[in-house]
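Hi,

Here is the structure I said I would pass on. Have a look at it first, and my notes follow below.

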Amino acid sequence: MEPFEKRKIQLAQARQQLSEQVKASILHKQRMIADYLDRKTQYWNKTSKIILLVIIILLLGGMSLYLLLKANN
């Protein structure tokens, strides 16, 4: 075994554990936000949800297009 092989294995395991903790944290926060939004929109009808979705898509699409055009200039 190489002199630093054990250390490399420990670092790899620590990185793996850290990445799994970050992943779990992100998924937990994502679930909390999704549950919150679901509670807020549970009494909306289908048309209202579609209108909100279209507004969000237009807003984010417009922002992306603006940033692309600004970056090219």
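**What I found**

Starting with the fold: the secondary structure of this chain amounts to 2 helices and 0 strands. Please keep in mind that this is a predicted model.

**Overall shape**

The chain has a radius of gyration of 22 Å, whereas a compact globule of 73 residues would come in near 11 Å. Measuring tape aside, the C-alpha trace spans about 65 × 45 × 10 Å along its principal axes. Burial fits into one number: buried residues are 1% of the 73 in the chain. As for surface, the chain exposes about 7300 Å², and 64% of that is supplied by carbon and sulfur atoms.

If you want a single pair to put a distance on, try I51 and A14. They sit 37 residues apart in sequence, and their C-alpha atoms are 46 Å apart in space. I51 belongs to helix α2. With a relative accessible area of 47%, I51 falls short of the 50% that exposed residues must exceed, so it is classed as partly exposed.

**Charges**

The chain carries 12 positive and 5 negative charges, and the mean positions of the two sets are 10 Å apart. Side chains of opposite charge can pair when their charged atoms come close. How many salt bridges does a search of the whole structure find? It turns up 1.

That salt bridge joins R31 to D35, with 3.4 Å between the closest N and O atoms, which is inside the 4 Å cut-off for a salt bridge. Both residues lie in helix α1 (residues 5–40), and they are 4 residues apart, about one turn of the helix. Is each partner exposed or partly exposed? R31 has 52% relative accessibility, so it counts as exposed. D35 is at 33%, so it counts as partly exposed.

**A nonpolar patch**

The other thing to look at is on the surface. W44, L52, I56, L59, L60 and M63 form a nonpolar patch there, with about 550 Å² of accessible area together. One of these residues, M63, is placed in helix α2 (residues 46–72). Patch members need over 30% relative accessible area. M63 has 45%, so it clears that bar while still counting as partly exposed.

That is everything I have for now. Shout if you would like to go through any of it together.

Cheers

Technical notes: Residues numbered from 1 in each chain as written. Predicted model: local features only at pLDDT ≥ 70, side-chain atom pairs only at ≥ 80, totals over all residues. Heavy atoms only, no water. Patch = residues over 30% accessible without salt bridge, like charges linked within 9 Å, V, L, I, M, F, W, Y side chains within 5 Å. Areas by Shrake-Rupley, 256 points an atom, 1.4 Å probe, with all protein chains shown as cover. Salt bridge = Lys/Arg side-chain N within 4 Å of Asp/Glu carboxyl O. Buried < 20%, exposed > 50% of the residue type's maximum accessible area, 1.4 Å probe, protein only. Rg over C-alpha atoms; globule rule 2.2 N^0.38 Å. Lys, Arg positive; Asp, Glu negative; His and termini not counted. Charge placed at Lys NZ, Arg CZ, Asp CG, Glu CD.
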